[in-house]
Amino acid sequence: MTISRTGARVERQPLSRYTTLGVGGEAEVWFVSGLEQLAEAMEQPYRVLGGGSNLVIADQGVPERVIRLSGALAERDLEADPALSTAEEIVTGWVGGGVPLPGLVRTLQKMGLSNLEGTVGIPGQVGGSVWMNAGTRFGEMFDGLHTIEIVSPGGVRQVTPDDLAWGYRDSGIPRNHVVSRVRLKLRRADPADVLAKMEHADQARKGQPKNKTPGCAFKNPVLPDGQKVSAGRLIDEAGLKGTQIGQARIAPEHGNFIVNLGGAAAADVHALLDLIRQRVGMPLELEYELWPERP
Ligand SMILES: Cc1cc2nc3c(=O)[nH]c(=O)nc-3n(C[C@H](O)[C@H](O)[C@H](O)COP(=O)(O)OP(=O)(O)OC[C@H]3O[C@@H](n4cnc5c(N)ncnc54)[C@H](O)[C@@H]3O)c2cc1C
């Protein structure tokens, strides 16, 4: 372990400990707790890792620095800012990009603050989830954002959602621009009502496997006539549910999930993804990211 010029902790570590799939080789991890350290980490080629819940990282790891937001960039100030809040609309203090989303959503519910409950069950961090505007059919990250702080090698800027070309599962923020902190925009609500909405949204996850996974493997393809087809159904119809390579398996509960039975290699997951693509009779676009990228 070394300490960088500006005080970031730098350590070679297996990335498997930071992914929900539990897979990934080593890289030089930069734990940055402030904007100065973040700027230093960006002086060389880098990637930014959030909750690792949308990633399959290769067994050989990645050659770039891997940035993890920690310390002050993983803390949250949920006090209403009196200068920006009204009786109905609450604008919070800063919430670090490294804050885990599930705990935040639960805390907001208990505080009787609404707007982000539709993201319940998404196991990412705030920064990663804002970057991809994660969500469900019950709501998405951009339902509850007031200000977004974005850091790139070019500097720091604070923007509002209106400044970004955001849309479905897309914030419009360029890759490798880091969401360091956000201010949330929330509504006062009865905690029981917020909880009821969360429970309703959670119901939709009933069929999902409980094992280690990076979530859905493929996007639902769109047919030439504009109709969406379920990728899970296509995988099921190809007879692939339950197929296992090494310690990775296509979940028997839901064909669009690949799970780690314990000790899976990224190569096993890649092999299953390739097999699905060969056997399903139409092009499938990956939902999660592969590090490094593969064709
Ligand atoms: C069981 C399960 C269920 C899921 N359900 C859903 C769902 O319902 N809806 C949904 O949208 N997603 C879902 N996902 C996918 C995933 O949880 C989300 O996409 C999540 O928002 C990813 O955030 P993360 O912090 O884990 O990002 P990571 O997986 O760490 O990274 C994903 C991408 O975000 C970038 N990134 C990470 N942090 C930052 C940052 N601070 N600033 C800028 N870029 C950053 C990374 O560089 C990478 O490109 C699910 C995943 C699992 C495992």
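**Notebook: helix α6 and strand β13**

I looked first at burial in α6 and found Ala266, Asp268, Val269, Leu272, Leu273 and Ile276 buried. I count a residue as buried if 20 or more other C-beta atoms lie within 10 Å of its own, exposed if 12 or fewer, and partly exposed in between, with C-beta atoms placed from the backbone. Seen down the axis of α6, these buried residues fall within an arc of 160°, so they line one face of the helix. The arc is taken over the directions from the helix axis to the C-beta atoms. On the other side of α6, I find Asp274 and Gln278 exposed.

I note that this is a predicted model, in which local features need pLDDT of at least 70 and side-chain atom pairs count only at pLDDT 80 or more, while totals for chains, interfaces and linings use all residues. Residues are numbered from 1 along each chain as its sequence is written.

**Entry: span and packing of α6**

I looked up the extent of α6: residues 266–279, 14 residues, reaching 20 Å from the first C-alpha to the last, close to the 20 Å expected at 1.5 Å a residue. The expected span is 1.5 Å times one less than the number of residues. Helices (H or I, at least four residues) and strands (E, at least two) are DSSP runs, numbered from the N terminus.

I then checked what the buried residues of α6 pack against: β5 (55–57), α5 (231–237), β14 (244–245), β15 (248–250) and β16 (258–260). Contact here requires C-beta atoms, placed from the backbone, within 7 Å.

**Entry: the sheet under α6**

I traced an open sheet of 3 strands in the order β14-β15-β16, with antiparallel pairing. Its edge strands are β14 and β16, each pairing on one side only. Strands pair if DSSP finds at least two bridges between them. I find 3 bridges joining β15 to β16, and Ala248 has Asn260 in β16 as its bridge partner.

I also looked up the orientation: α6 lies across β14, β15 and β16, running at about 25° to β15. Axes are lines fitted to C-alpha atoms, for helices over the stretch in contact, and angles run from 0 to 180 degrees between N-to-C directions.

**Entry: β13**

I turned to β13 (residues 178–188), where 9 of the 11 residues are buried, so the strand is largely enclosed by the rest of the structure. I listed its antiparallel partners. Strand β7 (residues 89–96) is joined to β13 by 6 bridges, with Glu89 opposite Arg187. Strand β8 (residues 113–114) has 2 bridges to β13, and Ser114 also stands opposite Arg187. Strand β11 (residues 145–152) has 6 bridges to β13, and Val151 is partnered there with Val178.

Definitions and conventions. Two residues are in contact if their C-beta atoms, placed from the backbone, lie within 7 Å.
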